[in-house]
Amino acid sequence: MKAAVSDQELAEIYTPTVKERSFARQHGRTPAARGALLILLKTVQRLGYFVSLKAVPKSITSHILACDDLSHLALSRLREYDRSGGVRQRMLDAIRQQVGIKAFTVEGKAVVRDLAREAATTKQDLADIINVVIEELVRQRFELPGFSTLQRTARQARSQVNTGFFRTLNAALTEQQKQEFDRLLHVPDDSPHTSWHKLKQEPKKPTNTEVKKYLQHLEWLQGWCQRLPAVDHIPAAKYHHFILEARALDAANIKAMQSTKRYALMILLVHAQLRRAMDDAVDIFVRKMRNIKTKAEARSRLSATAERIDRDFPENEHAVFNGEELVIRKHRRTAPPDGLAEIDKQLSLNLPEKNILDILVEAEKWLGLHKRFGPLSGYESKLEDPRTHARTAWLSPCASWGASSARCLSSTGCKA
């Protein structure tokens with residue numbers, strides 16, 4: 001039980017009703033007995049099983065006692081009922097009758113075993129199996145056992161069900177097939193890897209060579225699967241778990257495993273790898289066809305472009321053949337729009353002349369461009385003045401800028 005309980009939880013979960021307080025007065029001869037009954041009643045309603053009074057957080061205990069005007073009771077007095085076996089048992093029996101739950105006895109253990117085994121036939125995770133068992137125990141109004149009991153029973157049930165699947169697969173194998181499986185785990189003389197490693201091979205980039213090799217690998221898997229027992233009867237959750245376990249095992253690990261499980265996992269992995277290989281082969285085929293389609297579309301566009309150029313060439317006044325030589329003529333200069341010269345004149349008259357160095361210095365301050373430049377030696381730049389940096393980095397190499405650059409450099413006392 002969590003120690004920190006909100007006021008809302010206390011009010012909604014741990015507040016005894018009038019009927020429950022009446023029940024406590026009927027079965028509790030003393031205030032301490034009434035308090036113990038109420039605490040045990042409200043906690044079993046919440047948890048589904050009984051806990052010791054000592055284990056109940058103080059905030060919950062205080063709230064329940066206050067609801068029946070029992071706040072004066074000392075906690076040590078209540079906890080005496082944890083040590084009083086006969087009195088505590090009578091309290092638990094009365095509460096079970098009040099709540100309508102059955103004690104977890106031999107009957108309950110048999111129910112848990114049956115439920116766990118049934119759940120384990122389709123589920124692999126212990127948590128999933130335990131949840132199914134708990135839901136059914138609550139539905140049948142059983143008091144819940146300890147978690148360790150549920151966990152142990154679920155683990156045993158899962159092991160029994162899995163072993164049953166392994167034995168079924170093994171029973172369908174011949175001795176010759178088992179020997180073939182054993183040879184998969186040995187390193188042949190002509191290869192650095194076992195055939196078990198080959199079995200787990202993944203497709204590589206679909207070059208022509210790799211596609212050919214992968215199709216050979218696919219045929220090899222098909223030859224195996226045709227002679228192996230089917231695995232369609234194994235539930236999906238267990239199938240995926242077994243496959244993940246088999247893929248994670250190298251040859252040495254699976255060789256050290258008990259034979260019944262070893263052969264079963266190998267059968268399952270062969271089937272799984274064939275399914276994956278078929279999917280991968282389809283994917284490789286799709287990628288190859290996509291590449292072919294892309295190349296065909298590119299050729300089609302090139303052909304269409306070439307045809308259009310050939311068709312329009314006689315009307316192209318900028319390209320002519322002089323004998324066998326292609327001559328490209330200059331485009332005629334387009335006349336400027338009316339009024340452009342007047343706009344340029346007005347701009348020159350009305351806009352103040354701006355030194356290009358000032359513009360660069362302003363940009364330098366905003367962008368911090370000096371951080372991106374430095375001497376080839378790798379040391380930090382020693383230019384501190386932004387104008388000097390702008391002149392050095394931008395204007396000095398750009399004497400071809402003409403009169404504008406010359407005016408800027410002359411204003412700083414430097415030559416281009």
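This is a short walk through the structure, from the whole chain down to single residues.

The model is predicted. Start with the overall make-up. The chain contains 20 helices and two strands. It has 416 residues, and 33% of them are buried. About 27200 Å² of the chain is exposed, with carbon and sulfur atoms supplying 53% of that area. Now look at the contacts in the chain with a separation of 6 or more. Of these, 67% join residues 24 or more positions apart.

Next, go inside. In soluble globular proteins, nonpolar side chains tend to be buried together. Here, the largest nonpolar core has 56 residues. Which of them touch the most other members? They are L137, F181, W196, I234, L265 and L268. Helix 16, residues 259-312, gives this core its largest share, 13 residues. There is also a second, separate core of 30 residues. Among its members are F50, V51, V56 and L92.

Take W196 as an example from the largest core. Leave out residues up to four places away in sequence. W196 then touches L184, L185, A246, L249, D250, A251, I254, M266 and L269.

F181, another residue of that core, leads us to helix 11. In this helix, Q177, K178, E180, F181 and L184 are buried. Why are they on the same side of helix 11? They cover an arc of only 160° around the axis, so they share one side. The other side of helix 11 has exposed residues: E175, Q176 and R183.

Now follow the chain out of helix 11, which spans 175-184. A loop runs from there to helix 12, at 195-199. T194 lies in this loop. Is T194 buried or exposed? Its relative accessibility is 11%, so T194 counts as buried; the cut-off for buried is under 20%. Set aside its neighbours within four places in sequence, and T194 is in contact with L184, L185, H186, V187, P188 and A251. Three of these names, L184, L185 and A251, also appear among the residues that W196 touches.

For a contrast, turn to N131. This residue sits in helix 9, which covers residues 126-139. Its relative accessibility is 42%, and therefore N131 counts as partly exposed. N131 and L150 are 19 residues apart along the chain. Their C-alpha atoms are separated by 9.5 Å.

Terms used. Residues are numbered from 1 along each chain as its sequence is written. This is a predicted model: local features need pLDDT of at least 70, side-chain atom pairs count only at pLDDT 80 or more; totals for chains, interfaces and linings use all residues. Side-chain values use heavy atoms; hydrogens and water are left out. Helices (H or I, at least four residues) and strands (E, at least two) are DSSP runs, numbered from the N terminus. Buried means under 20% relative accessible area, exposed over 50%, partly exposed in between (1.4 Å probe, protein chains only). Contact means heavy atoms within 4.5 Å. Accessible areas come from the Shrake-Rupley method with a 1.4 Å probe; for residues, only the protein chains shown count as cover. The arc is that of the directions from the helix axis to the C-beta atoms. A nonpolar core is a set of buried Ala, Val, Leu, Ile, Met, Phe, Trp, Tyr and Cys residues joined through side-chain atoms within 4.5 Å.
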